[in-house]
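Me: Please take a close look at the salt bridges in this model and describe, as one connected account, which side chains take part and how accessible they are.

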Amino acid sequence: MLVTLWIALVAAVLAGSLWWTLAGRHQATPWVVEGYALGGPAAVSLHDASMEKFNNEGFVPAGAMWRVKDGTWHDDGDRSCLKNMPNTRQHVRMGIIENRGPGGGRWAVVWIECLD
């Protein structure tokens with residue numbers, strides 16, 4: 001009886017570990033969304049988004065990595081490739097994850113690519 005219980009416990013732990021590893025539940029995989037940003041480096045709204053759930057949503061990209069048109073990635077300072085022209089649409093691609101932490105907004109921007 002004790003051996004059967006031990007085998008069942010080990011099998012359950014192994015199955016759980018396998019599911020955790022294969023399903024990737026321990027990693028945040030961002031949604032890759034393309035659209036047009038309005039705003040500036042501090043806050044943007046996304047329009048004509050490639051995923052409907054992010055259309056007309058607002059984002060705070062502070063701290064996100066960013067890539068300029070020539071392909072160079074940056075993660076320094078609070079400046080980004082987003083232009084500070086609130087009334088001009090800028091073509092972007094963003095990596096977005098759901099923010100479940102305390103005090104955060106609904107979405108978190110992981111990276112931004114400025115496409116124009």
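Reply: Asp-48 counts as partly exposed in this predicted model, its relative accessibility being 47%. Its side chain meets that of Arg-89 in a salt bridge, with 2.7 Å from N to O. This pair joins distant parts of the chain, since Asp-48 lies in the loop between β2 (44–47) and β3 (57–59), whereas Arg-89 belongs to strand β6 (residues 85–98), 41 residues apart. Arg-89 is likewise partly exposed, because its relative accessible area of 40% falls between the 20% and 50% limits.

The structure holds four salt bridges. Another of them is formed by Glu-113 and Arg-67, whose closest N and O atoms are 2.7 Å apart. Here, too, distant parts of the chain are linked: Glu-113 sits in strand β7 (residues 107–114) and Arg-67 in strand β4 (residues 65–67), with their positions 46 residues apart. Glu-113 has a relative accessible area of 10% and is therefore buried, the limit being under 20%. Arg-67 also counts as buried, at 16% relative accessibility.

Glu-113 has a further partner in Arg-93, and the two side chains meet in a salt bridge at 3.4 Å, N to O. This contact connects strand β6, which carries Arg-93, with strand β7, which carries Glu-113; the two residues are 20 apart in the chain. At 23% relative accessibility, Arg-93 counts as partly exposed, whereas Glu-113 is buried.

These contacts around Glu-113 belong to a wider arrangement: Glu-34, Arg-67, Arg-93 and Glu-113 are linked in a network of salt bridges.

Definitions and conventions: Residues numbered from 1 in each chain as written. Predicted model: local features only at pLDDT ≥ 70, side-chain atom pairs only at ≥ 80, totals over all residues. Heavy atoms only, no water. Helix = DSSP H or I, 4+ residues; strand = E, 2+ residues; numbered from the N terminus. Buried < 20%, exposed > 50% of the residue type's maximum accessible area, 1.4 Å probe, protein only.
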